[in-house]
Structures are given as structure tokens and as C-alpha cells.
Amino acid sequence: MEPSQEFKIVTLGEGRVGKTSLTLKAARGQFHEDERSTVNANFLQKDITFQGNQIRLHLWDTAGQERFRALAPNYYRGAKGAIVVYDITDKSSFDRVVSWVKELSMQADKDICIVIAGNKCDREKERQISKAEAMEYARKVGVLHFDTSAKTGMGVEEIFSELGRLVYEVQMKKNPGTGERGYKSRKGKKIIIKKEEEVQKKKDCC
Amino acid sequence: MGAQCSIDRKEKTRRRYFKIIRKQKELYLKKHQLAINTYNFKNWLKHMIRELKSLQEKFPEALWPQELVYLCKSWKRADLKWRSNVIWYNYLHSYKSNIPLPDKTVTNFKLPLPSTFQVDSLLDFIKTHLSHTEDHFISAMIFKFTDSFDKQDFPKYDIKPIIDEINDFVQLALQTLLNYYGGIVRDLIKKKDGDISDLILTYTISNKIHETALNTYLEMYKCEESKYQQNIEKFQYLKCKDFGIKELFQLDLHLENAYGASIDKLRDIEKVNSPIEKLNVITKAAVEICNCIDFIWKENDETTQDDLIIDSDQILSIFMYVVLKAKIKNLRGHVKMIYDFGRKEMQNGSMGYYVITLEACIQQIEMLENQEGFFE
């Protein structure tokens, strides 16, 4: 089934928080493939179904190392959704979440939907950020927070499905007629492909 | 007597066969009648002239709108064969067997098209039409446009006039295509709206237009390009390790020409004109990166699947290495062409990802000197 809507989603966060593993888990459902070969994990797709609509999420993984920090705007330009990831066992990665959310609110598309992922929940004993603190921050900035584990798969489906739903609703509200397909004319107007006009005589064509 | 019986049987089978075909054609025509006749086939020239008048007002300095008006007025061919070819192609395609056969059989049909062809889709089929500049109107129109466009002068430091004229021409060609072929193509556009626009753009951007656009970008970003070229030369000695590429992907430890296939592929960007072709080159260069790593590590039992996952930090670092070694002149111009002339929808997919990565590499290479600690 062909998707009716496609949206660009970016994952952001400090290096080693598990962004790539999270998108890989979401898009493939597993870490290991049957055949061993090099995998380019920076662009993946995930299809979700919402209210009978097939929605395709284009998942853009971004570089997390500090030296590439300035390049992030290139990647989140035009994104309709963002997952800001931190590692629950690393306090400093949560501090970076705050600056990512701030930056996205100021510089990304105005209607971008943001969710936060507290990753590596399979290592609960090493937790440095309390769940209450993370939830309180998310509530304050008006975004959703999910506990995830790319290793066990916990919360992975939920975070992508929920983000897909949010993006879909925002975009449908913004462009109610997006389902209609047409062509942009020279003046920027859409050439709507008309319904069948009067039938010509068959001899006209062949 | 026996021979006569055999001839009669053959004749009967032949008649029965043609009866079935006739019936199928009737069914097809009945089913697609509305689509076939949606547009007023005879009026596409009038439609064109009307559109061209408004383009003449929009681009008073441009030569091509007037040239296209002349073309319309002098076009005396009926062009019926192209349209009926499309209809019959669609008919044959819709009755193609879905049953997988062990030995694929090929059926030859004689269409009014003079040459034989092998195509997978209606889009490919239309592509075969676009090289007939003599008697296919849209093909002639593209030829006339590029010919006139080449004679025009454009400002040295501003790409916008070139973008505007080309985009408007592509939209005009698409509208004409709808009127020219009718509803069958309309159905194709409904399903694959971007592909057909890419096809027209590919035919529209001639070598001369490509060169003009690249020269304009070069003038616009003279300082940046100069810095980029300087750094390319200055940092040629850098190794994979210097870019922060992890040891497993430091192919220069094993090969003299590390990532050579990817570097060669990326250089092909200079050989193609249209945004979609350039995008394809970049995507293939990214695929070659994986192939190069596979070449060294795939059969090695010490590596796991997890080791062979390239994350975004790694792909950016490897791409930087590839871009630096490829030493492509005016790479920024090629990337700008993709942004300015290509469809925006393409930029959100995998192709878009690698273009942005390439753009990011150009920025990084330009700033290499200023980034203390980048190579640590």
C-alpha cells in the first residue's frame, strides 16, 4: 500500500546517546540482519498507520559529535517532527536536550512536533536523571516524553507512532486538502487535474 | 485433404484469436474512454499560444516565448501517432500477464512508432518520444527552448532569472503534455507527479544551460570557492584517521586508493546536467561507501553486523574524506543546482539526506583551518 502522507523526522542528541540504534530498531525491528553487510543507518523509513491512513516517516539521523554541531540546522530544515534523545545514564546528555529543544523552537519549522526520548532504559540502575525531573521538563516545554530502550525495544514503537500521529494531525490541520494532487502552474497556482470532461468522439484519438 | 484440414484449423484459431483481441480492445476502450478523451486533443496548440502570450509579458527580454509561438503557428502535423501509441502501450500493459513464467515469452506488436523499443513503464515510453524533435511537438518545443535560451544573456551574479525562466518553461511543458496526450498521461501524472517533471527538466537543461548556471554560481560564490579549492589542495595529505573515521572504516590502512569507487562516482556529478541525475550520482557515491567497506570486511569473521553500521557522524566524516579526495571544481554550484532547479519533495527523501551531507562537507572543508581541534 502506497503511503498517503510522507514526513521528514530528525533525531537529535549528543553523541553516543543511542540515536542511530533507536531509529534502526524502529525501522527494522532488530539490530542484526540475516546477511552481514555494511548498513548506512543515517536515513531510514518507517511506515505507520493512523486512522486508516498509511503514513511514511523519513527518519534522518544527525551527527551528535560537538565538531558537527553547527551543521544540525542543515538537517532539521524542513523537518515536521523531531526526536530529541538523551541517555538516562548520562546527566550531561539531558542538559543538551534543553538546548536542542530551545534551538528547534527558535530555528526549525514553526509547526515542528517535538518529542523527547530518555534512552537506555534497560540500564535503570545507572539512571542519573530521575523520571520525574525529565517529565516535569517535558511538561513545562509542552512536549511528550518517552522512556525508550533501543536494546529491548521498550517504548520504540510508541514514540514513533505517537510522533507520526502528532505530525499528521498538525499537518492536516494546516493543509486540510493535502490529499488532493495537482500541478503547480507558472504562477504558482495549482493546476488541479480536472474531472473527465465531455467525451470526444472516439475517432479523434486513433 | 489432411493438409486442407490443418489450414482450416489454423484459420479458425487465427479468427478466434483476433476476435478475443478485438473484444479486449473494445473492453479497454470502454473502460478508459473518459480518460482517453478528457482533453481536447486538437486544441493543444491554441492552449500553448495562449500560455505563451502571458509568458511573453512576464519575460519581455526572453527570446524563447516568441520562438515557441512561431513553432506553434508553423506546426502542421497532427501528432496523432504519438497519442495513439500511448493508448496502445497502456492497453498492452494493462493486459500483461501477471503469472510468472519460467521462460519469459516476448510478444512483438507493431505500433505506429517507426522504431522498436523496450520499456518498463509508460514514463519510459514517453521518454522514447522525446528524442523525436522532427515530428513530436513537445520534443520540438524543448529543442526550440534550449536553442533560444542559449542565445540569451543573463546577469553574471544572479541565478534567479535563469531559475524563473526554466521553471516556467517546465511547467508550460507539463501543461502541454497533459493536453497533448490526454487522460492516459493525466492518470500517470496523478500517480507519479514528480517523475514526469524530472523527465522534462532532464531534457531541458542542455550543456549550455548547465554551463551558464554553474558559471553564475561561481561568480556568486567566488570567495567561498577560492577558499574551498585552497583547502582541498592544502589538506590532500589527510588520512581517514584525521577525519575521526573509526578504525574499521579507515580503509587507507588496507588500500592505496581508499573509497576509490565512491570518489570516482562522485566525480560523475560533473558529467550530468539535471538535478535528478546529480542526485542519483550522490546517492550512488553513498552506496559505494558501503561497497568499499564490504569489500574489506564483509568476509572477515571478526566483524559483527553492529560493527558494520555507519552512523551519521561516521558518514559525515567518510563523505568529507571522499569530497576532499575527489577534488571537484565548483561542487557548491552542482549542489546549488539541485536545490534551485530540483523538486522540493526530493529533498526530504534519502537523496536529500546525502545532498545535505555533501553541502555540510563543503562547509566543513571551507572552514578546516579555523577549526582547532577538529582532527583530534
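In this predicted model, helix 4 of chain B has quite a list of buried residues: W82(B), R83(B), S84(B), N85(B), V86(B), I87(B), W88(B), Y89(B), N90(B) and Y91(B). The helix itself runs over residues 80–94, which makes 15 residues. From its first C-alpha to its last it reaches 21 Å, close to the 21 Å expected at 1.5 Å a residue.

Now hop over to chain A, which has a helix 4 of its own, at residues 131–141. Which of its residues are buried? They are A134(A), Y137(A) and A138(A). These three cover an arc of only 100° around the axis, so they sit on the same side of the helix. A general rule helps here: an α-helix has 3.6 residues a turn, so residues three or four places apart point the same way. Turn to the other side of helix 4 of chain A and you'll find A132(A), R139(A) and K140(A), which are exposed.

And what do the buried residues of helix 4 of chain A pack against? Here are their partners, which belong to chain A too:

| Partner in chain A | Residues |
|---|---|
| Strand 5 | 81–87 |
| Helix 3 | 91–107 |
| Strand 6 | 113–119 |
| Strand 7 | 144–147 |

After helix 4 of chain A comes G142(A), with a positive phi near 75°.

One last stop, back in chain B: D264(B) is part of helix 12, residues 260–267. Its relative accessibility is 41%, so D264(B) counts as partly exposed. D264(B) and K160(B) are 104 residues apart along the chain, and their C-alpha atoms are separated by 31 Å.

How values were computed
Residues numbered from 1 in each chain as written. Chains lettered and ligands numbered in written order. Predicted model: local features only at pLDDT ≥ 70, side-chain atom pairs only at ≥ 80, totals over all residues. Heavy atoms only, no water. Helix = DSSP H or I, 4+ residues; strand = E, 2+ residues; numbered from the N terminus. Expected span 1.5 Å × (residues − 1). Buried < 20%, exposed > 50% of the residue type's maximum accessible area, 1.4 Å probe, protein only. Arc of directions from axis to C-beta. Contact = heavy atoms within 4.5 Å.
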